[in-house]
Structure formats: structure tokens, C-alpha cells
Amino acid sequence: MVTFSVHAQVKPNLGTVNRMMNDAKTQMDKGNYESANVIFRQIIEGNYTIPQEMPYYFAETLYHLEQYDNSANFLKKYLEINRSGGDHFEAAKALENKLAEPLLAIRSCQLCDRKGYRYEPCSKCHGEKITEKSCQFCKSRGEVGCTTCMGSGLVTRRNVFNIIEYHECAKCSNTGRTICPVCEGTKQELITCMVCKGNGTQVSDQLCDHIGEINHTHEKIGN
């Protein structure tokens with residue numbers, strides 16, 4: 001989400017900002033909201049003094065681009081700055097009402113995050129929630145030293161005459177090695193996917209239409 005400080009004056013070039021604002025509003029009037037979006041972001045990222053009415057225009061632009069959560073954030077900023085004295089106060093309240101339904105749809109949807117961006121299967125685990133890595137317990141050998149014979153392949157017992165006898169270790173069949181109990185000989189161990197944190201999904205850059213399903217169960221994150 002784009003954030004800004006209304007009072008920042010790193011580049012107090014009002015002529016440049018006014019020109020950019022007029023260009024953005026012209027694009028809005030033409031219905032070219034993507035172009036307007038680019039201009040508004042240039043103003044913010046350029047650290048110019050932000051006109052008090054700009055958050056409303058940006059909120060309106062984002063609404064038409066269906067970026068409802070971001071639109072609501074800028075609209076809230078506009079109302080905080082201007083209260084009832086802004087030139088677009090009534091329009092802002094009307095936009096606030098229009099945002100209510102799509103915001104509710106986002107928060108009720110299990111297919112997207114709270115900003116309205118669609119979940120997709122994790123690019124790392126492909127929805128499995130777990131991934132493989134080299135087994136650390138056996139150092140990717142698939143075997144470990146036998147704990148019964150301590151790797152010797154033999155065990156000792158005292159017979160009835162108190163004489164020590166040596167026998168083949170039944171656990172490892174005299175090899176001194178046993179299958180790794182962690183990876184079970186595969187040399188790989190399963191761990192929780194670090195990319196999706198075990199959710200099986202990650203957020204895409206696509207806005208959600210709240211239709212369809214994801215092909216595996218997951219809990220909504222970010223709430």
C-alpha cells in the first residue's frame with residue numbers, strides 16, 4: 001500500500017504538482033484510471049507536497065480499478081485531513097458508502113487476502129504445505145550408526161558361567177548401521193514450507209472475483 005505524509009515538503013514545487021494533478025484528473029475524466037493511477041503514484045513517490053484534495057481523487061481512481069482496500073485507506077486519509085470542510089466531502093462520503101459492499105465481500109471471501117488479492121497455490125510446495133530438504137539427522141546418508149551395538153555390529157552378553165559372549169546385533173544384522181529414523185532412508189526430510197509458512201497458498205498480484213475455489217484447504221491469513 002502506498003503511504004505518504006501530507007505535510008512533507010522535500011520538493012515544494014507547486015507548479016509541477018498542479019500540472020500533474022490536472023493531468024491525472026484529465027485522465028480520470030476520460031476514464032483512463034490506470035494512467036491516473038500512475039500519475040498519482042509519481043506525485044507520492046516524488047516526495048512532493050501533497051494537495052489536500054488529492055487523497056480523494058486517488059481513492060476514486062483506486063475504486064474504479066477495484067483496489068477497494070487501498071481506496072478505503074486513501075479515503076480515510078482524506079476525511080481525516082479535511083473532515084467536513086473538504087471540497088469533495090459529500091462525494092467522499094458517497095464513495096465511502098459505495099466501498100462498503102465490496103469491502104464486505106473481500107472480508108467474507110476465503111479465496112483472497114484482506115486487501116482483495118487472490119490466493120494461488122504456493123510456488124514452492126505447489127499447495128502441499130511441506131517441502132523436502134537434505135536430511136540433517138543422517139547427513140543425507142540414509143543411514144545412522146546402530147544405537148544398540150554402537151556401530152560395531154556386535155553385542156555382548158554374559159552367559160551362565162559369567163563369560164562374555166559376542167553375538168551379531170539383531171537390530172542392524174551385524175552391519176553397525178540402521179535406516180535413518182527421520183528420513184527412513186530417503187536422505188530427504190519433510191519440513192513446513194518456508195515460502196507459504198505451511199498454508200499451501202501465497203498471495204498473487206491478481207484481484208479476486210470471489211468466484212471458484214482453491215484446490216486445497218487453507219485458512220484465510222492476514223486477519
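User: Which residues are linked into a cluster by ring pairs?
Analyst: This is a predicted model, and the rule for ring pairs gives five aromatic pairs in it. One of them is tilted, with Phe40 and Phe58 at 5.4 Å centre to centre and 40° between the planes. Another joins Phe58 and Phe74, whose centres are 4.5 Å apart and whose planes stand at 55°, so that pair is tilted too. Put together, the ring pairs make a cluster of Phe40, Phe58 and Phe74.

User: Phe58 and Phe74 form a pair that links distant parts of the chain, so how many residues apart are they?
Analyst: Phe58 sits in helix H3, while Phe74 belongs to helix H4. Both of these residues are buried. Along the chain, the distance between Phe58 and Phe74 is 16 residues.

User: And which helices hold Phe40 and Phe58?
Analyst: Phe40 and Phe58 are both buried. They're 18 residues apart, and their pair links distant parts of the chain. The helices are H2 for Phe40 and H3 for Phe58.

User: Which residues touch the most other members of the largest nonpolar core?
Analyst: That core has 36 residues. Helices H1, H2, H3, H4 and H5 each give it two or more residues, and H3 gives the most, with seven. As for touching the most other members, the names are Phe40, Ile43, Met54 and Leu75.

User: What is Ile43 in contact with, leaving aside its neighbours within four places in sequence?
Analyst: Ile43 is one of the residues that touch the most other members of the largest nonpolar core. Contact here means heavy atoms within 4.5 Å. With those sequence neighbours set aside, the list for Ile43 is Val17, Met20, Met21, Tyr48, Ile50 and Met54.

User: Which helices do the buried residues of H4 pack against?
Analyst: H4 covers residues 68-82 and reaches 21 Å from its first C-alpha to its last, close to the expected 21 Å. Its buried residues include Phe74, Leu75, Tyr78 and Leu79. What they pack against is H2, H3 and H5.

User: What residue follows H4, and what is its phi near?
Analyst: H4 itself has 15 residues, and Asn82 is among its buried ones. Right after the helix comes Arg83, with a positive phi near 50°.

User: Where does H5 bend?
Analyst: H5 has 20 residues and reaches 29 Å, close to the 28 Å expected. Among its buried residues are Leu99, Pro102 and Leu103, and the buried residues of this helix pack against H3 and H4. The bend is about 30°, with Pro102 following within four residues, and its place is Ala100.

User: Let's move to Thr175. How far is it from Cys146 in space, C-alpha to C-alpha?
Analyst: Thr175 is in the loop between strands S5 and S6. Its side chain has a polar atom 2.6 Å from the backbone oxygen of Cys172. Cys146 is 29 residues away in sequence, and the C-alpha to C-alpha distance in space is 8.4 Å.

User: Zooming out, how many helices and strands does the protein have?
Analyst: From the N terminus on, the elements run α-α-α-α-α-β-β-β-β-β-β-β-β. That gives five helices and eight strands.

User: What percentage of the residues in the protein is buried?
Analyst: Buried means under 20% relative accessible area. The protein has 223 residues, and the buried ones make up 40%.

How values were computed:
Residues numbered from 1 in each chain as written. Predicted model: local features only at pLDDT ≥ 70, side-chain atom pairs only at ≥ 80, totals over all residues. Heavy atoms only, no water. Expected span 1.5 Å × (residues − 1). Buried < 20%, exposed > 50% of the residue type's maximum accessible area, 1.4 Å probe, protein only. Core = buried A, V, L, I, M, F, W, Y, C linked by side-chain atoms within 4.5 Å. Polar contact = N/O pair within 3.5 Å; in protein donor to acceptor, adjacent residues only side chain to side chain. Bend = angle between axes of the 7 residues up to and from the residue. Phe/Tyr/Trp six-rings, centres within 6.5 Å; stacked < 30°, edge-to-face > 60°.
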